[in-house]
Amino acid sequence: MLLRILGTAAGGGLPQWNCACPGGAGARRHPTRRRLHDGLAVHGADPGAWFLANATPDVAEQLEDHSALRPGAGQERTPVVPVVLTDAELDHTLGLLRLREAARIDVWCTEPVHKALTTRLPLPDILAPYTELTWHELPLTDAGQPARIAGLEVSALPLSDKRPRYAADEPAHPAWSAALEVRDPGTGASALYAPAVASWSDLLDHEIASADCVLLDGTFLHEDEPRRTGVSRRTASEMGHMPIEGRNGTAERLRRIGARVHYTHLNNTNPLVDPDAPQHERLAGLGLRVAEERMVVSL
Ligand code: MLT
Ligand code: MN
């Protein structure tokens, strides 16, 4: 199994068009610091078989950027695009509109996400004149057989009832936001991708400890970061993203289980978007680092 990191930024990207915060200004000065919206391409044993984990507003550029994902080698077009969603957030789903040139888009997601994307953001109505949108239910971890996608076993580990703001009044459900668990049945290798961790559970703890590769929510470094930077009146946790640092931060949780992870979904307020920031050093000592754009992980 191969994971291609297509992007590592939270909603808005880095730099965000309307923001002159230090992280964004740094990315404008140093283009290598730019980050696209977080998402992955995952390949199974057959290199031609792949799926997207989330479809971001940058998806067309992200596909174009990786030669293995471009059409060619005997096929003039990419006819079917398989997409697996962690949630219904706009930064993870607007790319479905950009994929409309495909003959068919196959989407796997949990039940509340399907409801949001068919009723509150009526993608079937909008996309019907362009492409064939086919929905598949993404099985929950520990609740039956995982889905088989690109030769890999894929399931959703429910993380929280964090709803997108456009569907904030929908009823609570534990699988509004999920981690994707991907397992290669041929090798037994496994990966976990969780870009929005609102709270920690024993099951998440266990699954992180047993995965070979973990890509985890690194939106905010500190709990008060959104307030302090004027992004929101809410704290990081209230926005559905546990901070990295602090007594209840993810770094402390990961230290306890000795897990090594890559942080993704970084917000432009996060000091870690500056590769020279001193805060990297303590985290590196714990085996925790920030995922790089275009990183490829072979498992
Ligand atoms: C989130 O991760 O909390 C959302 O994507 C925020 C947003 O883009 O509005
Ligand atoms: Mn997001």
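This is a guided tour of a predicted model, going from the whole chain to a few selected residues.

**Whole protein**

Start with everything shown as a cartoon. The protein contains 10 helices and 14 strands. Its radius of gyration is 18 Å, close to the 19 Å that the globule rule gives for 299 residues, so the protein is as compact as a globular protein of that length. If you draw a box along the principal axes, the C-alpha atoms fill roughly 50 × 40 × 40 Å.

Switch on the surface next. The accessible surface of the protein comes to about 13,400 Å², and carbon and sulfur atoms account for 50% of that area. Buried residues make up 54% of the 299 residues. Where contacts between residues at least 6 apart in sequence are concerned, 65% join residues at least 24 apart.

Then colour the surface by charge. The protein has 30 positive and 39 negative charges, and the mean positions of the two sets are 5 Å apart.

**Cysteines**

Select the cysteines. How many disulfides does the structure hold? The count is 0. Zoom in on Cys19, which is in no disulfide: the nearest cysteine sulfur belongs to Cys21 and is 3.1 Å away. That pair does not count because a disulfide requires sulfur atoms within 2.5 Å.

Move on to Cys213. Is this residue buried or exposed? Cys213 has a relative accessible area of 7% and is buried, because the cut-off for buried is under 20%.

**Strand β1: Leu2**

Go to the start of the chain and select Leu2, which lies in strand β1, residues 2-7. With a relative accessible area of 23%, Leu2 is partly exposed. Now display its surroundings, leaving aside neighbours within four places in sequence. Leu2 is in contact with Ala41, Val42 and His43, and also with Val296, Val297 and Ser298. For a distance to draw, take Leu2 and Gly44: they are 42 residues apart in sequence, and their C-alpha atoms are 6.8 Å apart in space.

**The loop between α8 and α9**

Select the loop between α8 (225-228) and α9 (250-257), where Thr235 lies. Thr235 counts as buried, at 11% relative accessibility. Which residues does Thr235 contact, leaving aside its neighbours within four places in sequence? They are Glu223, Pro226 and Arg227. Draw the C-alpha distance from Thr235 to Glu223: the separation is 5.6 Å, for residues 12 apart along the chain.

Stay in the loop between α8 and α9 and select Pro243, which is also placed there. Pro243 is buried, with a relative accessible area of 4%. Show what Pro243 touches, not counting residues up to four places away in sequence. The list has Phe220, Leu221, His222 and Glu223, then Ala236 and Ser237, and finally Gly249 and Thr250. Glu223 therefore appears in the contacts of both loop residues, Thr235 and Pro243, with contact meaning heavy atoms within 4.5 Å.

For the last distance, join the C-alpha atoms of Pro243 and Thr219. These two residues are 24 apart along the chain, and the separation is 7.2 Å.

Technical notes: Residues are numbered from 1 along each chain as its sequence is written. Chains are lettered from A and ligands numbered from 1 in the order in which they are written. This is a predicted model: local features need pLDDT of at least 70, side-chain atom pairs count only at pLDDT 80 or more; totals for chains, interfaces and linings use all residues. Side-chain values use heavy atoms; hydrogens and water are left out. Helices (H or I, at least four residues) and strands (E, at least two) are DSSP runs, numbered from the N terminus. The radius of gyration is taken over C-alpha atoms; the globule rule is 2.2 Å times the number of residues to the power 0.38. Buried means under 20% relative accessible area, exposed over 50%, partly exposed in between (1.4 Å probe, protein chains only). Accessible areas come from the Shrake-Rupley method with a 1.4 Å probe; for residues, only the protein chains shown count as cover. Lys and Arg count as positive and Asp and Glu as negative; His and the chain ends are not counted. The place of a charge is taken as NZ of Lys, CZ of Arg, CG of Asp or CD of Glu.
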